[in-house]
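Hi everyone, thanks for coming. Please pull up the sequence and the model on your screens, and we'll walk through them together.

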Amino acid sequence: MSRVGINKTRAEDFAIFGANPVFEEPLYVGRPNLGNRWLFLQRVNAALDRCWLTNNGPFVLEFEQRIENRSGVDHAVAVCNATAGLEILARALDLSGEVIVPAFTFIATAHAFRWLGLTPVFCDVDPFTHTIDPRQVETLITPRTSAIVGVHLWGRPCDVDALESLARRHGLKLIFDAAHAFGSSYRGRRVGGFGDAEVFSFHATKSINALEGGAVVTNNAVLASRLRQMRDFGFAGDHDDVIDIGTNGKLNEISAAMGLTLLDSMDDIIAANRQVYRRYLYGLAGIPGIRPVIYDECEHNTFHYVVVEVDEAQAGLSRDQLMEVLRAENVMARRYFYPGCHRAEPYRSDPRYANVVMPVADKLAQRVMALPAGGSVGIDKADAVCRLIRLAVAESAQVRSLFTAQANLAHYQALFTHSENDPCVTVEKTV
Ligand SMILES: *Cc1c(COP(=O)(O)O)cnc(C)c1O
């Protein structure tokens, strides 16, 4: 299998032009890690035997403790997902008015605040780190601003120091959407304890999953206890005294069982991810217009995302064209955060956002492509994907002309099938 893809040498050999795909089975981005199935099922049985399925069960408590240990933070409050975690956190911090968020992130970063009636104010990102640009944050602060939200995109921490100093100087709350960054570090310190609180996601597609799940983590004990109440309808302690407004953001025992099982193999998962990531770096080196997102290997990261920027001028193919070539080969590469939060509803057609210009986010939304990665892909398949990309770029002129020919053909076919009185069409349909 290590020679996968080597039999393709010209543009005509690509599956998109009719040849056989390199991979018989699709390679997916964000294929869930399953961990040790037997351990998971054993825990599921234990939960069923206890007949304790939710409401601060032993697995949730253990999961919280292990998140605290792993991220070196005092309090982890497990929640049903990170979006609910952001919402509960915004309420617990009494946020109001405007919240500054990056434009290039998963839509939930903005939606969570908008859902509560707050106004997300979009900030552009840094072209190299893909994370919120602190200099622009400063220009967006108004008397209505209550918080800044940094996102550790791809698990690469944003500029925490600059944001902390801004938040301090302007008396703002500071939150980190750390959905990608469980297991990452910033300047030697684990992600989790920065700002007022950080929010991890344990969604199925993240490196460590709890089917659906998340955690709000903080070193602030008062905040942690408010988060616990709000996640549980505002109950204090044992479900007879409601002392605050709340919602239902609890994590269940089966999810926690999955989370624990993945924590058991977290180091192996990271090692496999890192090997595949490094293989990609090696295999993609020197391909014109293909720039991988690089992780600082002096810091911790889960190496869960293998992301490249495609520069059409140099690669000879746009990101979308390259993606079409790959997907026909069963390499299910994906664009991420397209077209940018500011270009998604409800922001796009909200007149308050009419003047929002985000050149870097726009550029990244056009260029960023995530490749299938992690242990389920492995190094041989990663090699083959790199070879495909190298060939597509080398043959880009030919690939483009085949695309054009194909588009022309589709155009004429559409003309004929739409023509009511074309006798050929009627004949074909009756055959
Ligand atoms: C996945 C993700 C979320 C949402 O997490 P859920 O647990 O699915 O709610 C939020 N922000 C970012 C950056 C994400 O990637």
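Let's start with Ser201: an N or O atom in its side chain is 2.7 Å from an oxygen atom of the ligand. I'm calling that a polar contact, meaning a pair of N or O atoms within 3.5 Å; within protein, one must be able to donate a hydrogen and the other to accept it, and residues adjacent in sequence count only if both atoms are side-chain atoms. Thr83 also reaches a ligand oxygen, with a polar side-chain atom at 2.6 Å. Ala82 uses its backbone instead, where an N or O atom lies 2.8 Å from an oxygen atom of the ligand.

How much of the ligand's accessible area does the protein cover? It covers 92% of the 380 Å² that the ligand has on its own (areas by the Shrake-Rupley method with a 1.4 Å probe).

A word on provenance: this is a predicted model, where local features need pLDDT of at least 70 and side-chain atom pairs count only at pLDDT 80 or more, while totals for chains, interfaces and linings use all residues. Residues are numbered from 1 along each chain as its sequence is written, and side-chain values use heavy atoms, with hydrogens and water left out.

Back to the ligand's surroundings. There are 15 residues around the ligand, and Thr83, Asp177, His180, Ser201 and Lys206 come nearest (near means a heavy atom within 4 Å). By type, that shell has five nonpolar, eight polar and two charged residues, with Asp, Glu, Lys and Arg counted as charged, Ala, Val, Leu, Ile, Met, Phe, Trp, Tyr, Cys and Pro as nonpolar, and the others, Gly among them, as polar. Helix H3 (82-92) and helix H4 (108-115) are the elements giving two or more residues to the shell; helices (H or I, at least four residues) and strands (E, at least two) are DSSP runs, numbered from the N terminus.

Zooming out, the protein chain has 15 helices and 17 strands. Its C-alpha atoms fill a box of roughly 75 × 55 × 50 Å along the principal axes.

Finally, some backbone details for you to look up. Tyr338 and Pro339 are joined by a cis peptide bond, with omega about 0°, and Pro339 lies in the loop between strand S16 (334-335) and helix H12 (359-367). Glu345 to Pro346 is cis too, with omega near 5°, and Pro346 is also placed in the loop between S16 and H12.
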